[in-house]
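Here's an informal walk through one model, starting inside and working outwards. Have the viewer open as you read.

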Amino acid sequence: MSADQPTRANVMAHPEAERLDTLMAVLMAYIRDVCCVDGSFHAERTKELYKDLLSVFDKLILPTHASCHVQYTLFYLCSFKLALAEAFLDHLWKILQNPSQPAILRQAAAGYLGSFLARAKFVPVLTVRACLDLLLTWIHRYIDSQDNSCKQVCCDISLHGPFYAACQAVFYVLIFRHRAILEANMKKGLEYLQSLNLERVVMCQLNPLKVCLPSVTNMFAAVTRKYQVVFCYTIIEKNNRQVLPVVRSSAGGDGVTTNTNPLDSFFPFDPYLLKRSGQLIEPLYQVWDELAETDLLPAKVAQQVLKEDEDDFLSGETPHGEGMLGMTPSSYGSNICSPSSGDSPSMAHHGAFKF
């Protein structure tokens, strides 16, 4: 059944969700028609469409926290040609490492970068490794700059937001793509993971594990423990004893709770929940392999991590099938914090992706 031929089974129960699903299906059909003429890929038309959608992305989608499904237009377009995907990744990378960009956009770009690399099946392992190399080199240089600053370094989101977002992107990508990195050649794959020097990132005074989402921290710790790349649990236990209290107003007065998402981060390519247009996304999408990964975790942690997040907008629509794990908390009403950030070292010598 085509994505643009609705059936009763494909109709969303929520009227607004059904409207969005219809619009997304129409837009994706338009993208397909522009990119493919008489069954053949048309490079110039696709390039012009990419530029138009990228402009919309920069002006509207990237600054919108927890954008719902609309960002998948670029995900779908990038699936038509690897050069498009690499151009999009390069665009996000330039925003992240550019100190003249607002920190809020740099953090959002890191979220898009990590989520795209983790979820896009059409992005090959070589491209994933190239992006990890760029991210880790920048992260290590950032740590160097803090170590050499002669100032006391501490875990401060308002000062180091883009750094923490970049670390979380790396952790997230490794959670989803570590098996692809290792399966071709286990020995060389392990040597590559060890060359990233993740232990230094985890052990640095900036303490990124304290800021990252607990679901990401727990799964990253389990993966790196299994392959003996880095041991995170001592730091996690120490961080758990130093909770981050947040006072929030409620109907019954102020209440003190623990903020488990201090970065207000989200992964924009968490599972696609719209039924009809989702048929076009499904074959392109890297789902969570629960059977392969739950054995990494203690039972209590696994239960917490694998609990599916409910999207308030699509209440009652959330699929409960395998592989639908999303790691973003369903706190869509909050905004990404807007810290200032330190300088970002230039990565020009690593070679940008071209399109």
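## Inside the model

Helix H5 is the top contributor to the lining of the largest cavity, giving five residues. Keep in mind that we're looking at a predicted model.

That cavity has a volume of about 120 Å³. Of the 13 residues lining the largest cavity, Gln107, Gly111, Ala165, Gln168 and Ser265 sit closest to its centre. Two elements give two or more residues to this lining: helix H5, covering 103-119, and helix H7, covering 157-183. What classes of residue make up the lining of the largest cavity? There are eight nonpolar and five polar residues, and no charged ones. If you go hunting for other voids, the structure holds four cavities of 30 Å³ or more.

## Charged pairs

Side chains of opposite charge can pair when their charged atoms come close. How many salt bridges does a search of the whole structure find? The search turns up four, and three of the pairs are worth a look here.

| Salt bridge | N to O distance |
|---|---|
| Lys94 and Asp90 | 3.2 Å |
| Asp144 and Arg200 | 2.4 Å |
| Asp147 and Arg200 | 3.6 Å |

Let's take the local pair to begin with. Lys94 and Asp90 both belong to helix H4 (residues 82-96) and are four residues apart, about one turn of the helix. Are the two partners buried or exposed, or somewhere in between? Asp90 has a relative accessibility of 7%, so Asp90 counts as buried, the cut-off being under 20%. Lys94 has a relative accessible area of 44%, which means Lys94 is partly exposed. So this salt bridge joins a buried Asp90 to a partly exposed Lys94.

Now for Arg200, which meets the side chain of Asp144 in a salt bridge with N and O 2.4 Å apart. Asp144 lies in helix H6 (residues 125-147) and Arg200 in helix H9 (residues 198-203), so this pair ties together parts 56 residues apart in sequence. Arg200 also forms a salt bridge with Asp147, this time at 3.6 Å from N to O. Asp147 is in helix H6 too, and because Arg200 is in helix H9, the pair ties together parts that are 53 residues apart in sequence. With Arg200 as a shared partner, the salt bridges join Asp144, Asp147 and Arg200 into one network.

How accessible are the members of this network? Asp144 is partly exposed at 32% relative accessible area, Arg200 is partly exposed at 24%, and Asp147 is partly exposed at 44%.

## A proline in H10

Pro214 lies in helix H10, which covers residues 214-226. With a relative accessible area of 29%, Pro214 is partly exposed. Pro214 and Ile236 are 22 residues apart along the chain, and their C-alpha atoms are separated by 9.4 Å.

## The whole chain

Zooming out, the secondary structure comes to 14 helices and four strands. The chain has 355 residues, and 51% of them count as buried. What about contacts between residues at least 6 apart in sequence? Of these, 77% join residues at least 24 apart. The chain's accessible surface comes to about 16600 Å², and 53% of that area belongs to carbon and sulfur atoms.

Key:
Residues numbered from 1 in each chain as written. Predicted model: local features only at pLDDT ≥ 70, side-chain atom pairs only at ≥ 80, totals over all residues. Heavy atoms only, no water. 1 Å grid on protein atoms, 1.4 Å probe; cavity = no way out; pocket = protein on both sides within 12 Å on 5 of 7 lines; lining within 4 Å. Points joined across faces, edges and corners; volume = space filled by probe spheres on them. Nonpolar A, V, L, I, M, F, W, Y, C, P; charged D, E, K, R; others polar. Buried < 20%, exposed > 50% of the residue type's maximum accessible area, 1.4 Å probe, protein only. Contact = heavy atoms within 4.5 Å. Areas by Shrake-Rupley, 256 points an atom, 1.4 Å probe, with all protein chains shown as cover.
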